[in-house]
Amino acid sequence: QVQLLESGGGLVQAGGSLRLSCRLSGLTFSSCAMGWFRQAPGKEREFVASISRSGAIRDYTKSVKGRFTISRDNAKSTVYLQMNSLQPEDTAVYYCAAKPVLIGQSIGKNSYEYDYWGQGTQVTVSS
């Protein structure tokens with residue numbers, strides 16, 4: 001059974017930082033591209049960041065570039081999202097997602113491209 005378990009969400013003031021973690025089990029982590037998405041109340045789920053299976057390729061949505069960093073530790077089967085300079089508009093439920101890919105296979109920004117999802121973790125940024 002494939003499971004993605006997120007942690008690290010919480011309440012933070014504007015300008016603060018949080019680090020989200022997501023551990024994958026039931027699947028070979030090093031064979032998966034990983035992504036982070038978020039969904040704010042009343043809005044559609046949106047892409048935040050992705051990382052290739054090796055970690056060499058990272059992609060971000062424009063609004064978080066320079067503030068968020070995605071990384072992975074294949075030995076721990078865990079992907080991270082370091083979020084700095086948080087703003088109220090970053091408030092959302094954050095989801096991690098996984099997709100088994102071949103070496104060199106790219107992963108896009110669409111949620112339908114991912115096969116497995118975590119339950120989500122709430123991030124609330126107060127002004």
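# Reading Glu 6, the disulfide and the salt bridges

Trainee: What makes the approach of the side chain of Glu 6 to the backbone nitrogen of Gly 120 a polar contact?

Mentor: The side chain of Glu 6 reaches the backbone nitrogen of Gly 120 at 2.6 Å. The limit for a pair of N or O atoms is 3.5 Å, so this pair qualifies. Please keep in mind that the model is predicted. The side chain of Glu 6 also has a polar atom 3.0 Å from the backbone nitrogen of Gln 119, a value that likewise lies within 3.5 Å.

Trainee: Why is Glu 6 said to have no salt bridge?

Mentor: The nearest side chain of opposite charge is that of Arg 45, 7.7 Å away. A salt bridge requires the nitrogen and the carboxyl oxygen to be within 4 Å, so Arg 45 does not serve as a partner. Glu 6 is nevertheless buried. Glu 6 belongs to strand β1, residues 3-7, and its contacts beyond four places in sequence include Cys 22, Trp 36, Tyr 94 and Cys 96.

Trainee: How do you know that Cys 22 is in a disulfide?

Mentor: The sulfur atoms of Cys 22 and Cys 96 are 1.9 Å apart, and the cut-off for the bond is 2.5 Å, so the pair is accepted. The link is right-handed, with 45 degrees about the S-S bond. Cys 22 is in strand β3 and Cys 96 in strand β9, so the disulfide ties together parts 74 residues apart in sequence. The relative accessible area is 0% for Cys 22 and 0% for Cys 96; with the limit for buried being under 20%, both are buried.

Trainee: What rules Cys 32 out of a disulfide?

Mentor: The nearest cysteine sulfur to that of Cys 32 belongs to Cys 22 and is 10 Å away, whereas a disulfide needs the sulfur atoms within 2.5 Å. Cys 32 is therefore in no disulfide. Cys 32 too is buried, at 0% relative accessibility. A search of the whole structure finds one disulfide.

Trainee: What makes the pair of Arg 38 and Asp 90 a salt bridge?

Mentor: Their closest N and O atoms are 2.9 Å apart, and the limit is 4 Å, so the pair counts. Arg 38 lies in strand β4 and Asp 90 in the loop between β8 and β9, so the bridge joins parts 52 residues apart in sequence. Asp 90 also meets Arg 67 in a salt bridge at 2.8 Å, N to O. Asp 90 and Arg 67 are 23 residues apart, and Arg 67 is in the loop between β6 and β7. Salt bridges with shared partners join Arg 38, Glu 46, Arg 67 and Asp 90 into one network.

Trainee: Why is Arg 67 classed as it is, buried or exposed?

Mentor: Its relative accessibility is 17%. Buried means under 20%, so Arg 67 is buried. Asp 90, at 1%, is buried as well.

Trainee: Which class do Lys 109 and Asp 59 fall into?

Mentor: Lys 109 has 42% relative accessibility and Asp 59 has 24%. Partly exposed covers values between 20% and 50%, so both residues are partly exposed. These two residues form a salt bridge, with closest N and O atoms 3.6 Å apart, which is within the 4 Å limit. The structure holds five salt bridges.

Trainee: How do you know whether Lys 99 is buried or exposed?

Mentor: Lys 99, in strand β9, has a relative accessibility of 17%; the limit is 20%, so Lys 99 counts as buried. A polar atom of its side chain lies 3.5 Å from the backbone oxygen of Glu 113.

Trainee: What makes the phi of Ser 77 worth noting?

Mentor: Phi of Ser 77 is near 55 degrees, a positive value in a residue other than glycine. Most residues other than glycine have a negative phi. Ser 77 lies in the loop between β7 and β8 and is buried, at 17% relative accessible area. Ser 85 also has a positive phi, of about 50 degrees, but at 37% relative accessibility Ser 85 counts as partly exposed.

Note on methods: Residues numbered from 1 in each chain as written. Predicted model: local features only at pLDDT ≥ 70, side-chain atom pairs only at ≥ 80, totals over all residues. Heavy atoms only, no water. Helix = DSSP H or I, 4+ residues; strand = E, 2+ residues; numbered from the N terminus. Buried < 20%, exposed > 50% of the residue type's maximum accessible area, 1.4 Å probe, protein only. Lys, Arg positive; Asp, Glu negative; His and termini not counted. Polar contact = N/O pair within 3.5 Å; in protein donor to acceptor, adjacent residues only side chain to side chain. Contact = heavy atoms within 4.5 Å.
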